[in-house]
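Dear colleague,

Please find below the structure that I am handing over to you. A summary of what was found in it follows.

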Amino acid sequence: MNALSLFSSAGIAEYYLKDLGINVVLANELLKNRAETHKSIYPECEIVNSDIVLQETRDLIVSKCQGKNIDLIIATPPCQGVSTVGKNKSGDAIFQDPRNFLVLSALDIIDRVKPTFFVIENVPRFQEMRLPFDGKTIGLEELLNVKYGKEYTISCDVFNAADYGVPQTRYRIVYRAWKHGHTWALPQKQRVITLKDAIGDLPSLEAGQKSKLKNHYARKHAENQIQCMRYTPTGKSAFKNEVHYPKKSDGSRIKGYGNSYKRMRWDVPAPTITMRNEIISSQENVHPGRELPDGTWSDARILTLRELLIVSSLPADMDRPTNISETLFRQLVGEGVPPKMFEEIMKGIDE
């Protein structure tokens, strides 16, 4: 089966699709560094590095689909516009962000290519988004049923990556559509993998230290951040510390959310990995650590690249693309759909 990937970024979600016999032969990505990274990971895939909002770009994509036997379209529009983090976390802001309407460009391509299957995914909050159609605004599920219900079966489900072999809690809303006469079974839930199961056997490292394992080296951090995390137990935020809390250069307390400067827990999957997974001060990014004899806690650092790859269901020994920095690669992994979860969802096609 040949597939087209829209909003592909570096193609993180696509990593295991070839194992299922799904070949992404054409992709579209706006940002050049992401398009180049996609090309380095998938050199056999043709990529259109252009803005899908432009009619000429959509025309080009549709023309390139001719002769490629595209049976599947994957659309993963940016989710920052409806994220609960940042400026769009409340109110009517999601209706003002143009990124939230990019799905309409994908539908234009679906209309013209008419694949046997298509899938659209986003954060669960995307259900709140209202899209213009026929002089009114409706949700995406209703829009899909109105536009495609006579020809396709439409299904809308919220999946948690932790239920499908990924040691990370990450919820995504997935709209699946398949032409009548075909099937697309739901994925089968699996045993939950805790963070201890996933990375508990890796060598302990402090900031700046390296191990002999590929990708298992600890980034450097500011000494004041390291210090406050040394006194922060597993699953806790340094903001709760009475003495060793996050401080400014003048020693005054930094104000922040309770899920930042926070250690993960060993007994559950990792929390949702975000784009800013390279810094201690962002959302629940710090290694769980282990209590030391002196009462402090080990591993006062973010996850190593190896640990990050594991909790994102990518190969631990994966080569980082040479055209981008480690920081950008981490961001691409953080914004991508865990590929093991996506593989499990795609397994159900024509079962």
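**Helix packing and a pocket**

The crossing of helices α2 and α3 is right-handed. Please note that the model is a predicted one. Helix α2 covers residues 55–65 and helix α3 covers residues 103–113; their axes come within 10 Å and cross at roughly 35°. On the α2 side, the residues that take part in the contact are Q55, R58, D59, I61, V62 and C65, and they meet S105, D108, I109, R112 and V113 of α3. Sorted by class, this contact comprises five nonpolar, two polar and four charged residues.

A second pair of helices should also be brought to your attention. Helix α1 (residues 32–41) packs against helix α8 (residues 326–335) at an angle of about 85°, and the two axes lie 12 Å apart. Because of this angle, α1 is roughly perpendicular to α8. Here N33, R34 and T37 of α1 meet L328, L332 and E335 of α8. The contact of α1 with α8 divides into two nonpolar, two polar and two charged residues.

Finally, I turn to a pocket. The second largest pocket has a volume of about 550 Å³. It is lined by 32 residues, of which F7, S9, E29, T76 and P78 are the closest to its centre. By class, the lining of this pocket has 15 nonpolar, nine polar and eight charged residues.

With kind regards

How values were computed
Residues numbered from 1 in each chain as written. Predicted model: local features only at pLDDT ≥ 70, side-chain atom pairs only at ≥ 80, totals over all residues. Heavy atoms only, no water. Axes fitted to C-alpha atoms, helices over the stretch in contact; angles between N-to-C directions. Helix = DSSP H or I, 4+ residues; strand = E, 2+ residues; numbered from the N terminus. Left-handed = near helix turned anticlockwise from the far one by under 90°. Contact = heavy atoms within 4.5 Å. Nonpolar A, V, L, I, M, F, W, Y, C, P; charged D, E, K, R; others polar. 1 Å grid on protein atoms, 1.4 Å probe; cavity = no way out; pocket = protein on both sides within 12 Å on 5 of 7 lines; lining within 4 Å. Points joined across faces, edges and corners; volume = space filled by probe spheres on them. Parallel < 35°, antiparallel > 145°, perpendicular 65-115°, else oblique.
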